[in-house]
Amino acid sequence: MTRTLWTNARIIPVDGAVAPASEPGALELLTDAGRIIAIGADLPRDGARVADCGGRLMTPALIDCHTHLVFGGDRAREFELRLEGASYEEIAKAGGGIKASMQATRALGPEALVAASLPRLDHLLAEGVSTVEIKSGYGLSVEAEMNMLRAARRLADLRRVRVCTTWLAAHALPPDYAGRAEDYIREVAIAGLEAAHAEGLVDAVDGFCEGIAFSTAELEPLYRRARELGIPVKIHSEQLSHAGGTAFAARHGALSADHLEHATEADARAMAASGTVAVLLPGAFFTLRETVVPPVAAFRAAGVPMALATDCNPGTSPLSSILLAMNMGATLFRLTVPECLAAVTTHAARALGLGRETGRIAPGLSADLALWDVESPAQLVARMGFNPLHARIFKGEIV
Ligand code: DI6
Ligand code: FE
């Protein structure tokens with residue numbers, strides 16, 4: 001790999017606080033062997049290839065830290081049902097929702113699953129994403145859940161991207177386990193986790209804590225087992241109601257708690273104490289036409305880092321644009337522009353346990369960068385359906 005000096009960019013390091021972009025050329029960046037070596041003025045040129053960034057804005061590459069982008073089928077018909085007045089919970093109880101995607105996902109072989117998911121991944125990459133988290137959760141049997149994560153790993157072979165896999169077998173109770181949540185957690189979520197972990201398929205464990213999904217008591221043995229195996233945990237909590245998942249996850253030292261519309265100030269304090277990132281998912285909020293917004297002021301007051309992600313999934317957030325997620329974070333949740341940028345870089349990295357690897361422009365980190373045909377981050381966040389990506393740089397190389 002080449003030693004490269006990146007010159008003539010407006011650089012936003014997003015290292016700690018989001019500073020204003022530097023004037024073009026005031027800062028330079030030196031990368032070598034896929035990593036950032038130095039950032040500063042007038043760096044030594046010895047032997048480095050010079051890459052002139054043409055005065056463009058340079059940020060860390062973006063990170064989508066919460067997706068369900070591996071799945072089969074689509075649920076556009078449910079979209080129509082909601083237009084006719086049905087609620088998400090009603091559709092789920094009638095066998096639609098996650099269970100409908102389970103059938104469509106189980107129907108695909110591994111190759112077809114990869115083929116179905118690749119366009120969604122490509123859409124994210126085209127917007128400067130270089131790290132993406134992908135959850136299981138539409139297989140709901142040991143083998144089908146493992147296949148989803150095998151597909152996720154395969155995607156990382158097919159594209160220049162870092163994929164983090166998350167075991168979300170505790171997403172919904174499949175029909176064959178109706179009324180037997182404890183058995184499902186033991187026989188599928190935990191037994192499958194052990195098998196998937198042994199195959200190297202699991203970077204984190206997640207669960208959906210909600211009235212229509214699992215209670216904290218049901219999730220407890222799964223989270224305990226994850227920690228015994230040394231696997232970090234996260235959670236879907238307080239999305240449709242306050243079910244207590246956030247405080248539960250904080251007790252387990254979770255990397256992140258995600259959704260959080262119905263979270264409280266006490267939840268925010270618990271998250272601050274456990275170092276848990278708040279992952280906000282405005283695509284799901286928008287799709288479900290929620291009216292209760294996450295307690296952003298409480299997160300700020302408690303010092304909880306906030307991330308934004310697409311939640312790309314076939315039901316509640318058919319969104320594969322991280323730029324639109326940033327815009328919605330600002331428009332719907334009133335995050336500031338610097339908060340939106342940190343939310344898809346440094347805080348998103350932290351939500352994946354990758355804070356020392358990517359998400360900032362700082363010496364020692366992976367050289368994952370994005371060059372944009374805009375002058376300021378506000379121009380990235382303000383517009384909708386507009387992709388000004390000029391180049392995506394992954395591990396020091398333009399992709
Ligand atoms: N919350 C969500 O919004 C998605 N999963 C979850 O736990 C919904 C997934 C779906 O409806 O397919
Ligand atoms: Fe989700």
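Two strands count as paired if DSSP finds at least two bridges between them. That rule helps in reading one of the sheets in this predicted model. The sheet is an open one made of 5 strands in the order E2-E6-E15-E16-E17, and its pairing is mixed. At its edges stand strand E2 (10–11) and strand E17 (397–398); each has a single partner strand, so one side of each has no neighbour in the sheet. For E2, 2 bridges lead to strand E6 (residues 57–60), and these strands run parallel. Ile-11 has Met-58 in E6 as its bridge partner.

Next comes the metal site. The iron ion (ligand 2) has four protein donors, namely His-66 (NE2), His-68 (NE2), His-236 (NE2) and Asp-311 (OD), at 2.1 to 2.3 Å. Along the sequence, the donor residues follow the spacing H-x1-H-x167-H-x74-D. Two of these donors link distant parts of the chain: His-236 sits in strand E11 (residues 234–237), while Asp-311, 75 residues apart from His-236, belongs to the loop between strand E14 (306–308) and helix H12 (322–333).

What about the angles around the metal? The 4 donor atoms around the iron ion (ligand 2) subtend angles of 82 to 168 degrees, so the arrangement comes out as irregular. To pass as tetrahedral, four donors would need all angles between 85 and 135 degrees. For four tetrahedral donors, the ideal angle is 109.5 degrees.

As for exposure to the outside, His-236 counts as buried because its relative accessibility is 3%. Asp-311 is buried too, with a relative accessible area of 1%; the cut-off for buried is under 20%.

Technical notes: Residues are numbered from 1 along each chain as its sequence is written. Chains are lettered from A and ligands numbered from 1 in the order in which they are written. This is a predicted model: local features need pLDDT of at least 70, side-chain atom pairs count only at pLDDT 80 or more; totals for chains, interfaces and linings use all residues. Side-chain values use heavy atoms; hydrogens and water are left out. Donors are N, O and S atoms within 2.8 Å of the metal (3.2 Å for Na, K and Ca); water is not among the atoms, so sites may look incomplete. Four donors count as tetrahedral if all angles lie between 85 and 135 degrees; four count as square planar and six as octahedral if opposite donors are over 155 degrees apart and all others between 65 and 115; anything else is irregular. Helices (H or I, at least four residues) and strands (E, at least two) are DSSP runs, numbered from the N terminus. Buried means under 20% relative accessible area, exposed over 50%, partly exposed in between (1.4 Å probe, protein chains only).
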